[in-house]
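Visitor: I'm new to this one, and I'd like to learn how to read it. Could you walk me through it?

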Amino acid sequence: MIDVVIEDPRWNQLGLRELVGDAVSATLDGLQVKAPFELSVLGCNDARIAALNTEFRGQPEPTNVLSWPDTDLSAEKDGDLPQAPVPTPEGDLSLGDIAIAYETC
């Protein structure tokens, strides 16, 4: 399931919901991930993403994309690939949250 929240209506003009669906499908197909999944995407503007960037990273400026995994999947050693998400007992993968800023993107 993909939950797309559009705060800036300019994302509607670009078909953000469809773009996200296509990108996620292509990515998961390429990785051969077949499990059901959950992902949340926020289409916002520079002001909103600057507030999020300040809150979560201490950097009071806009950026193109911010993402938050549901669990820490960091590589065990610098330079290694991140760990793969582990399905829930029900078999779902929780892929986390993504915010993208219209003006910067």
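Visitor: Let's start at the beginning of the chain: where is M1 found?

Guide: Keep in mind that this is a predicted model. M1 is found in the segment before β1, the strand of residues 2–6.

Visitor: Is M1 buried or exposed?

Guide: Look at the relative accessibility: a residue over 50% is called exposed. M1 has 63%, so it counts as exposed. Still, M1 touches F37, E38 and L39, leaving out residues up to four places away in sequence. You can also compare places in the chain with places in space: M1 and V20 are 19 residues apart in sequence, and their C-alpha atoms are 11 Å apart.

Visitor: Now the overall plan. In what order do the elements run?

Guide: Follow the chain from the N terminus and you get β-α-α-β-α-β-β. That gives three helices and four strands. The C-alpha atoms fill a box of roughly 35 × 30 × 25 Å along the principal axes.

Visitor: What share of the contacts joins residues 24 or more positions apart?

Guide: Taking contacts with a separation of 6 or more, 66% are between residues 24 or more positions apart.

Visitor: Which residues make up the largest nonpolar core?

Guide: The general idea comes first: in soluble globular proteins, nonpolar side chains tend to be buried together. Here, the largest nonpolar core has 11 residues: V4, W11, L16, V20, V24, L28, F37, L39, V41, L93 and I100. Three elements each supply at least two residues of this core: α2 (16–30), β2 (37–44) and β4 (93–101). The largest share, four residues, comes from α2. Apart from this core lies another one, of seven residues, among them L42, L66, A99 and A101.

Visitor: What is I100 in contact with?

Guide: Set aside the neighbours within four places in sequence, and the partners of I100 are W11, L16, L42, G43, C44, I49, N64, V65 and C105.

Visitor: How do I read a helix such as α3? Which of its residues are buried?

Guide: Check which residues are hidden, then ask where they point. In α3, residues 46–57, the buried ones are D46, I49, A50, L52 and N53. They cover an arc of only 165° around the axis, so they sit on the same side of α3. On the face turned away from that buried side you'll find the exposed residues A47 and E55.

Visitor: What do the buried residues of α3 pack against?

Guide: They pack against β2, β3 (65–68) and β4.

Visitor: Let's pick out N53 in that helix. Why does N53 count as buried?

Guide: Buried means under 20% relative accessibility. N53 is at 0%, so it counts as buried. Beyond its neighbours within four places in sequence, N53 is in contact with G58, Q59, E61, T63 and L66.

Visitor: And where is the place of L81?

Guide: L81 is in the loop between β3 and β4. With 75% relative accessibility, L81 counts as exposed. From L81 to E55 there are 26 residues in sequence and 27 Å in space, C-alpha to C-alpha.

Visitor: Last one: what about the charges and the surface?

Guide: The protein has 6 positive and 19 negative charges, and the mean positions of the two sets are 4 Å apart. The accessible surface is about 7000 Å², with 53% of it belonging to carbon and sulfur atoms. Of the 105 residues, 26% are buried.

How values were computed: Residues numbered from 1 in each chain as written. Predicted model: local features only at pLDDT ≥ 70, side-chain atom pairs only at ≥ 80, totals over all residues. Heavy atoms only, no water. Buried < 20%, exposed > 50% of the residue type's maximum accessible area, 1.4 Å probe, protein only. Contact = heavy atoms within 4.5 Å. Areas by Shrake-Rupley, 256 points an atom, 1.4 Å probe, with all protein chains shown as cover. Lys, Arg positive; Asp, Glu negative; His and termini not counted. Charge placed at Lys NZ, Arg CZ, Asp CG, Glu CD. Core = buried A, V, L, I, M, F, W, Y, C linked by side-chain atoms within 4.5 Å. Arc of directions from axis to C-beta.
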